[in-house]
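Reader: I should be grateful for a close look at a single part of this protein. Please begin with one residue of the central sheet and work outwards from there to its surroundings.

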Amino acid sequence: MINAHQLLAKRFAHPRYLAVIRALSTQVNHLARYQKMNWETFLSTGRGSDNLFRSIDTNHTDNITPSELHVFLDSVGHKGVHPRAFKMLNELAHDHNLSRKEFKSWLVLATNFQQEQESQYALSYERHPHTGQRKPQLDEDNFHTWNEHTMSQAVRKMQYAVRGQVVMRADELKAEGKDILYTNIGNPQAVGQSPITYYRQVMALCDLPEEDGVDHPNVYEMFPADVVNRALEFRKTIGPAGTGAYTGSQGILQFRHDVADFITERDGHPAYAGNIFLTNGASSAIELVLTSIISSELDGIMIPIPQYPIYSALIAKLAGRQVGYFLDENSNWAATESELTQRLQEAQANGIDVKALAIINPGNPTGQVYSREDLEVICKFCSDNGIVLLADEVYQRNVYSPSKSFLSAKKVALETPGCEYLQLVSFHSTSKGVIGECGRRGGYMELHNIDKTVQAQLYKLASSGLCSNVPGQITTSLMVKPPKRGDVSYDRFQKEENNIFNGMKNRAKALVESLNKVDGISCNPAEGAMYAFPSIELPPKAIAAADEQHVSPDTLYALSLLEETGICVVPASGFGQKEGRFGFRTTFLPPDDKMLSAVDKFKSHHENFCAKYS
Ligand SMILES: Cc1ncc(COP(=O)(O)O)c(C=O)c1O
């Protein structure tokens, strides 16, 4: 197909028309850029279909003519959807003008997002709990006014790989009786990690009615004295209404003081309870912040690629713009200054206003622990460009490499000249570390140098959810203020913590070492967090087979690993990665006996898979 420029040049080849051609081609360039921008907005947010339609309908006839369509197709190339969808659009517009409705229906079809296919898949395997029969599908009739066309396209667009297609297949196999090793999610207690006794004892005494707990005549025989005292302290702080009543929107003040003291001691710089929000895990804090930042379809959030998919999912849901910056696998997943600058400039050239940048340190899925120099680069970049830094530090306690230690972004910002005004929000959680209480949904965020009005609005937003759950708030206080040396529970607590921590540390090392021994698999060290993120070399025939099945090559690989060995990992494409890279993410959370035998299975499966597609 000849493009719009060639068309113009052909038609107006005479020198007399040169000036006209120049003017027209400038217009065409503008038009192409405008259409491309609208197209990308739709692809990344699921919104703006009317804007897109208007930008194609240059004659303002409320129809798209075949020639308007060709200009549009030229300007967007084949970006974002399967080439077959563009072919279909061409065919649709072949002999008539496309109405707005037809165009929108095509958009829904063409962007049939992967996640949606996955959830249809989920529906299709649901069975009746007693008869075992597959549940009947609803008729495809027209009574639903709330349907795929009218529902939030932003939600359709949202993807969350950690619980995606491979996990659904794993659940199905498990229901059929197969042994599955779930290494897809950082959910330690789901795969055998025991809760730490001290935390659970205090929580129990906070929840139990007084007469059955703290005031029971035998309480000091059932619980260590420091546990009872801590629970009494908590009960006093929470007040007579107890754990079943709402608290203030930001969380109980004393718990926020506990968090502030923890941060002050960790960083050697003061923190203030007024700047702490207690939240339902880090997830809800991240959502509060992104909701308050994104105000238009052209607001950009820079996120690492690979990333933990809550960021891409929320940006899609909130209809903002994801601006990915690639972590450099060859430099242990560093975020380099040149990469950050290049991506910012590209985004700005596309009219995107980059408002915030997220880092994950220690990294998920990548496992790196940033050095002071790494963090200085990031803090300076954000500070110089007026970008709010979102520091996801939920794995701060999970550092295994003897040569590394966790440094918070706040500490580094405060100790780096030129970063005095860095706007920063940091996140922490009770789900990770050695505490691993994912189900308690505890966590906090700390605001640093954040505008007072924004802070007040964040407070209002938190108030609309009333408060974070109280057991989560208690867990957060316990995490930041564990028993001290000399307390009755201290020795047992230490022993349990050390067991968990050393187990993770040893498995991290063993897993990465064995993965690196397999021909065709290579993996950076898991210095921290809970994951190994190897890259794998795949035979061209496997890539072609995946293409035929409309799945990513690493999904094909992960499904094959699951079927053959029962190990459930997440395809690396779910976290984003460089074009042409393939891989997967696995946790090292299951206990030694299971994890170490899994290591051999990774090897045998890889060999079998490569042989099958050689
Ligand atoms: C990097 C990162 N941030 C945030 C979260 C959210 O954790 P939660 O909401 O349980 O605190 C996770 C969970 O895996 C994570 O890996």
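Author: The residue chosen is D392, which counts as buried because 29 C-beta neighbours lie inside 10 Å of its own C-beta atom. The model is a predicted one, and what follows describes that prediction. D392 belongs to strand β8, which covers residues 388–392. Leaving out residues up to four places away in sequence, D392 touches A282, A358, I359, I360 and F427. Along the chain, D392 and S408 are 16 residues apart, and their C-alpha atoms are separated by 9.6 Å.

Among the residues that D392 touches are A358, I359 and I360, and strand β7 spans residues 353–360. β7 and β8 pair in the parallel sense, over 5 bridges. Within this pairing, I359 has A391 of β8 as its bridge partner. Of the 8 residues of β7, 7 are buried, so this strand is largely enclosed by the rest of the structure. β7 also pairs with strand β5 (residues 299–305), again in the parallel sense, over 4 bridges. Here G300 stands opposite V354 of β7.

These strands are part of an open sheet of 7 strands, whose order is β4-β10-β9-β8-β7-β5-β6 and whose pairing is mixed. The edges are formed by β4 (276–278) and β6 (321–326); each has a single partner strand, so one side of each is left without a neighbour in the sheet. From one strand to the next, the twist averages 20 degrees.

The loops that follow two of these strands hold cis peptide bonds. One joins I305 and P306, with omega about 5 degrees; P306 is placed in the loop between β5 and helix α15 (310–317). Another runs from N361 to P362, with omega near -10 degrees, and P362 is found in the loop between β7 and helix α17 (372–384). Between α15 and the edge strand β6 there is a loop that contains A319. A319 is not a glycine, yet its phi is positive, at about 60 degrees. With 20 C-beta neighbours inside 10 Å, A319 counts as buried.

L466 offers a second example of a positive phi, about 70 degrees, in a residue that is not a glycine. L466 sits in the loop between α19 (452–464) and α20 (470–480). Whereas A319 is buried, L466 counts as exposed, because 11 C-beta neighbours lie inside 10 Å and the limit for an exposed residue is 12 or fewer. A glycine with positive phi, near 100 degrees, is G177, which follows helix α9. In α9 (residues 165–175), the buried residues include Q165, V166, V167, R169 and A170.

The surroundings of D392 also lead to the ligand. A282, one of the residues that D392 touches, is among the closest to the ligand, together with G281, S283, S429 and S431. In total, 14 residues surround the ligand. Helix α14 (residues 281–293) gives the most to this shell, with 3 residues. By class, the shell has 6 nonpolar, 7 polar and 1 charged residues.

Another contact of D392, A358, leads to the nonpolar interior. The largest nonpolar core has 136 residues, and A358 is one of those with the most contacts inside it, along with V202, C379 and L389. Helix α21 (residues 490–517) gives the most to this core, with 7 residues. V202, leaving aside its neighbours within four places in sequence, is in contact with V227, R230, A231, F234 and L478. There is also a second, separate core of 14 residues, which includes L43, F53, L98 and F103.

The protein as a whole provides the setting for this part. It contains 24 helices and 16 strands. Of its 614 residues, 43% count as buried. Among contacts with a separation of 6 or more, 71% are between residues 24 or more positions apart.

To return to the starting point, D392 is a buried residue of strand β8. Its contacts include A282 and A358; A282 is one of the residues closest to the ligand, and A358 has a place in the largest nonpolar core.

Definitions and conventions
Residues are numbered from 1 along each chain as its sequence is written. This is a predicted model: local features need pLDDT of at least 70, side-chain atom pairs count only at pLDDT 80 or more; totals for chains, interfaces and linings use all residues. Two strands pair if DSSP finds at least two bridges between them. Helices (H or I, at least four residues) and strands (E, at least two) are DSSP runs, numbered from the N terminus. Axes are lines fitted to C-alpha atoms, for helices over the stretch in contact, and angles run from 0 to 180 degrees between N-to-C directions. A nonpolar core is a set of buried Ala, Val, Leu, Ile, Met, Phe, Trp, Tyr and Cys residues joined through C-beta atoms within 7 Å. Two residues are in contact if their C-beta atoms, placed from the backbone, lie within 7 Å. A residue is near a molecule or strand if its C-beta atom, placed from the backbone, lies within 6 Å of it. Ala, Val, Leu, Ile, Met, Phe, Trp, Tyr, Cys and Pro count as nonpolar, Asp, Glu, Lys and Arg as charged, and the others, Gly among them, as polar.
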